[in-house]
Amino acid sequence: MSQNAKETANRPPVPAAGPAAGPAAAPGEGALPAPPPHVLRARIRSLGPTMTRSVQAVAEAVAADPAGCARLTVSALAEHTGTSEATVVRTARLLGYPGYRDLRLALAALAAQQESGTAPAVTVDIAVDDPLADVVAKLAHEEAQTLTDTAAALDLTQLAAAVTALATARRIDIYGIGASALVGQDLAQKLLRIGLVAHAHSDPHLAVTGAVQLRPGDVAVAITHSGTTGDVIEPLRTAFERGATTVALTGRPNSPVTRHADLVLATSAARETQLRPAAMSSRTSQLLVVDCLFVGVAQQTYETAAPALAASYEALTHRHATR
């Protein structure tokens, strides 16, 4: 048996994983749980970059007009989108539904929610000449919707398992590049304040050299919205091979980073536009998950976390005193 095989065989048990955990399943194999109607658009936005052009045409059609598409047969929707019946069925399965009939039911429910005012319509993109008041209103709506979508779609089984792993970890390494590095730093400083040993790595060389020191009982967290960032995937893979519990925080639940993750925490993001790049639209949902992790860990370790928080607050009080 190879060294890596031995290390993998000796991995610590991970609490029951939900449907998103482990290696990515191929589209159409039920890799994701069927989303409730109100998060269907968020899932389409999340999976959009990984879709083929024909599948994307079907997905965009149902997102734009759920009521109209809900009335169409599979052949009629195929004709409407210039695709095939097989593509329509494949799209339904990629989105997490067993078949097109289930997708139609979800679309009908989504349309009903919109008519009753419980599911907001997609906002208009921010234009270059928009008044600042409109920019504020549009961004506030998108941020709120992103948080709602992320909370609704977050796998609580995976989240609970990640909280337990962090709360009992000997050491925690966090990997992120660019905007995701800022989110990683936020998680690290929160965990440090409650007495855990946490390091955020934005330098890929330091991330890998740190990952080779990990072992069972340690935790590695990778933050990447696209799920394809090589400088984040490499240290996570190394940590996985060393036996650490690995967590991927990503907006693409079937992306390459999840192949080396014991636990996957999926985030939502607003549709990327010229004035709202992916790094900006993904940050809000990532920070929500980070806060959920922190509060969950603080709850599990309250007897030590509370004194640690109090001590850190007291140590910094003089720096905030009025001079």
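In the predicted model, Ile223 is placed opposite Leu249 of strand 4. This pair belongs to the contact between strand 3, which covers residues 219–223, and strand 4, which covers residues 245–250, and the two strands run in the parallel sense and are joined over five bridges. Strands of a sheet pair through backbone hydrogen bonds, in either a parallel or an antiparallel arrangement. The sheet that contains strands 3 and 4 is open and consists of five strands in the order 2-1-3-4-5, with parallel pairing. Its edges are formed by strand 2 (198–201) and strand 5 (263–266), each of which pairs on one side only, and the twist from one strand to the next averages 15°. Helix 9, made up of residues 156–167, packs on this sheet and touches strand 1 (172–176), strand 3, strand 4 and strand 5, while its direction makes an angle of about 120° with that of strand 5.

A contact between two helices is found elsewhere in the chain. Two packed helices are described by the angle between their axes and by the distance between the axes. For helix 5 (residues 74–81) and helix 6 (residues 85–94), the axes come within 8 Å and cross at roughly 100°; since angles of 65 to 115 degrees count as roughly perpendicular, helix 5 and helix 6 are therefore assigned to that class. On the side of helix 5 the contact involves Val74, Ser75, Leu77 and Ala78, which meet Glu85, Val88 and Val89 of helix 6. By character, the residues of this contact divide into five nonpolar, one polar and one charged.

Thr301 lies in the loop that connects helix 13 (278–300) with helix 14 (302–317). Its relative accessibility is 12%, and Thr301 therefore counts as buried, the cut-off for this class being under 20%. When residues up to four places away in sequence are not counted, Thr301 touches Ala167 and Ile194.

For the chain as a whole, 14 helices and five strands are assigned. Of the 323 residues in the chain, 48% are buried, and the accessible surface comes to about 15,400 Å², with 57% of that area belonging to carbon and sulfur atoms. Among the contacts that link residues at least 6 apart in sequence, 74% join residues that are at least 24 apart.

Terms used: Residues numbered from 1 in each chain as written. Predicted model: local features only at pLDDT ≥ 70, side-chain atom pairs only at ≥ 80, totals over all residues. Heavy atoms only, no water. Pairing = 2+ DSSP bridges. Helix = DSSP H or I, 4+ residues; strand = E, 2+ residues; numbered from the N terminus. Axes fitted to C-alpha atoms, helices over the stretch in contact; angles between N-to-C directions. Contact = heavy atoms within 4.5 Å. Buried < 20%, exposed > 50% of the residue type's maximum accessible area, 1.4 Å probe, protein only. Areas by Shrake-Rupley, 256 points an atom, 1.4 Å probe, with all protein chains shown as cover. Parallel < 35°, antiparallel > 145°, perpendicular 65-115°, else oblique. Nonpolar A, V, L, I, M, F, W, Y, C, P; charged D, E, K, R; others polar.
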